[in-house]
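Trainee: Before we discuss the spaces inside this protein, could we look at the model together?
Mentor: Yes, here it is.

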Amino acid sequence: MSTEKRSSFTGKIGFVLAAAGSAVGLGNIWRFPYLAAKYGGGIFLLVYIILALTFGFTLMTAEIALGRKTGQSAIGAFKKLNKKFSFVGILASLVPIIILPYYSVIGGWVTKFLWVFSSGNMEAATNADYFGNFIGSVWEPIGWFALFLGLTALIVFFGVEKGVEKVSKFMMPILVVLTLFIAIYSMFLPGAIDGVKHYIIPDFSEVTLSSLAKTILGAMGQMFYSMSLAMGIMITYGSYMKKDVHIEKSVHQIEWFDTGIAFLAGLMVVPASYALNNGQVDKGPGLMFSTLPRVFSQMKGGAVVGALFFLLVLFAALTSSISLMETVVSIIKDKFGGNRKLICSIVMVGSFALGLPSALGFSAWSHVTILGKDILTFIDDTTNQFIMPIVALFTCILIGFCLKPKVIIEEVEQTGTFKMKGFFSFFIRYVAPVFSILILASSVLIEF
Ligand code: PHE
């Protein structure tokens with residue numbers, strides 16, 4: 001552990017905002033809509049909301065409480081609580097190391113689109129092949145990826161995260177309002193209303209056991225990703241949290257905020273894609289990038305709205321990538337010691353190297369597929385559908401059976417009552433572990 005004193009979040013709202021800043025990012029705006037399109041619209045939405053409010057709630061409460069109780073980040077926290085569970089902390093710490101590189105590849109796409117819109121080239125981007133051509137070219141996406149990663153590193157290097165967080169405090173609300181506005185606009189595009197129905201109303205007539213399993217699997221992975229769970233991040237955040245903040249209330253605020261933004265993002269692109277492609281929705285990672293330029297081009301002042309939108313998304317992405325890099329830097333520093341700035345530079349170079357295959361997977365290496373997926377999607381799915389469920393499983397076993405839920409409940413109750421404690425205890429002991437095992441088993445069955 002570093003010997004520096006752990007700083008803590010100021011004020012009650014400080015914690016919620018910081019955690020929300022980490023949680024709300026490309027996962028909500030880029031990832032959620034295309035998964036909803038891929039996994040059956042309304043059904044996915046329903047499954048996701050149920051999971052976020054039960055499983056997500058339980059795990060987030062547990063992680064934050066663990067962090068606050070131990071005052072340490074994942075590796076230290078698990079070791080302190082039970083030596084046999086040390087490997088869980090290590091596994092959890094692997095996740096941000098894996099995510100940061102490809103997260104920055106997508107961050108690069110956002111930066112590119114911000115550039116396109118602010119340099120007055122919106123019309124070019126409305127071409128149906130524009131996005132595909134862009135990610136299909138070798139050097140351009142790598143350049144934007146390097147730029148986004150460099151920006152993240154620069155902020156962490158100079159320790160000006162607080163500045164970015166301050167800016168995003170007012171950017172976030174604007175993003176919400178703008179997303180709402182774009183969503184409403186999209187819903188009224190000719191033909192979009194059927195897309196809205198597809199997105200919101202679950203259609204059980206086409207559900208089969210295997211499609212439902214895939215939907216649940218996708219929703220579960222998305223829940224971990226979007227709420228920044230099972231990767232040690234919330235444990236670290238909890239370790240910075242003051243004792244007078246009510247954990248349960250904060251978790252409710254974060255989960256609703258996070259889910260709300262994802263819902264709106266889906267409403268913004270799914271119906272629009274439906275309307276613009278004659279009832280066909282783009283179901284891949286390019287959904288947002290291929291749909292939105294065409295929506296903006298139909299809008300009065302769309303170029304300005306588009307530029308503003310991508311600027312806000314860039315901020316949301318940066319607050320997340322900063323929290324990822326921050327975590328990676330502190331894992332390395334806690335383990336090996338050393339100079340923060342040096343580690344930060346190493347993490348930047350290392351992440352660039354690790355991210356290259358993801359970027360190239362759409363261009364020079366597009367012939368490389370693993371289990372039928374492009375490299376980025378493969379890495380993305382592996383962390384969300386294998387590593388995170390394993391971390392979640394052992395976190396639940398540790399709390400449910402070794403430490404007992406009482407430990408978490410007592411931590412939460414340092415500030416008032418824990419209203420859902422009965423639910424929490426039951427869920428973390430009996431439902432969450434069984435569910436995690438089922439998820440893992442079906443991941444194996446579906447993928448192999
Ligand atoms: N939760 C973030 C998002 O939805 C992604 C993220 C994952 C951020 C892990 C930090 C850590 O975009």
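Trainee: Which residues lie nearest the centre of the second largest pocket?
Mentor: In this predicted model, 18 residues line the second largest pocket, and Y39, G40, H198, D203 and E206 lie nearest its centre. The space in this pocket is about 360 Å³.

Trainee: Which element gives the largest share of the lining of the second largest pocket?
Mentor: That element is α11, with four residues, while α2 and α11 each supply at least two residues. By class, the lining has eight nonpolar, five polar and five charged residues.

Trainee: Turning to the ligand, what makes the approach of S228 a polar contact?
Mentor: A polar side-chain atom of S228 lies 3.0 Å from a nitrogen atom of the ligand, and the cut-off for a pair of N or O atoms is 3.5 Å, so the pair qualifies. By the same cut-off, the 3.4 Å between a polar backbone atom of S22 and a nitrogen atom of the ligand also counts, as does the 3.0 Å between a backbone N or O atom of L26 and an oxygen atom of the ligand.

Trainee: How much of the ligand's accessible area does the protein cover?
Mentor: The protein covers 100% of the 310 Å² that the ligand has on its own, and the ligand sits in the largest cavity.

Trainee: Which elements give two or more residues to the shell around the ligand?
Mentor: They are α1 (11–23), α2 (26–38), α11 (209–226) and α15 (302–336). The shell residues divide into seven nonpolar, eight polar and no charged.

Technical notes:
Residues numbered from 1 in each chain as written. Predicted model: local features only at pLDDT ≥ 70, side-chain atom pairs only at ≥ 80, totals over all residues. Heavy atoms only, no water. Polar contact = N/O pair within 3.5 Å; in protein donor to acceptor, adjacent residues only side chain to side chain. Areas by Shrake-Rupley, 256 points an atom, 1.4 Å probe, with all protein chains shown as cover. 1 Å grid on protein atoms, 1.4 Å probe; cavity = no way out; pocket = protein on both sides within 12 Å on 5 of 7 lines; lining within 4 Å. Sits in = over half its atoms within 2 Å of the grid points. Nonpolar A, V, L, I, M, F, W, Y, C, P; charged D, E, K, R; others polar. Points joined across faces, edges and corners; volume = space filled by probe spheres on them.
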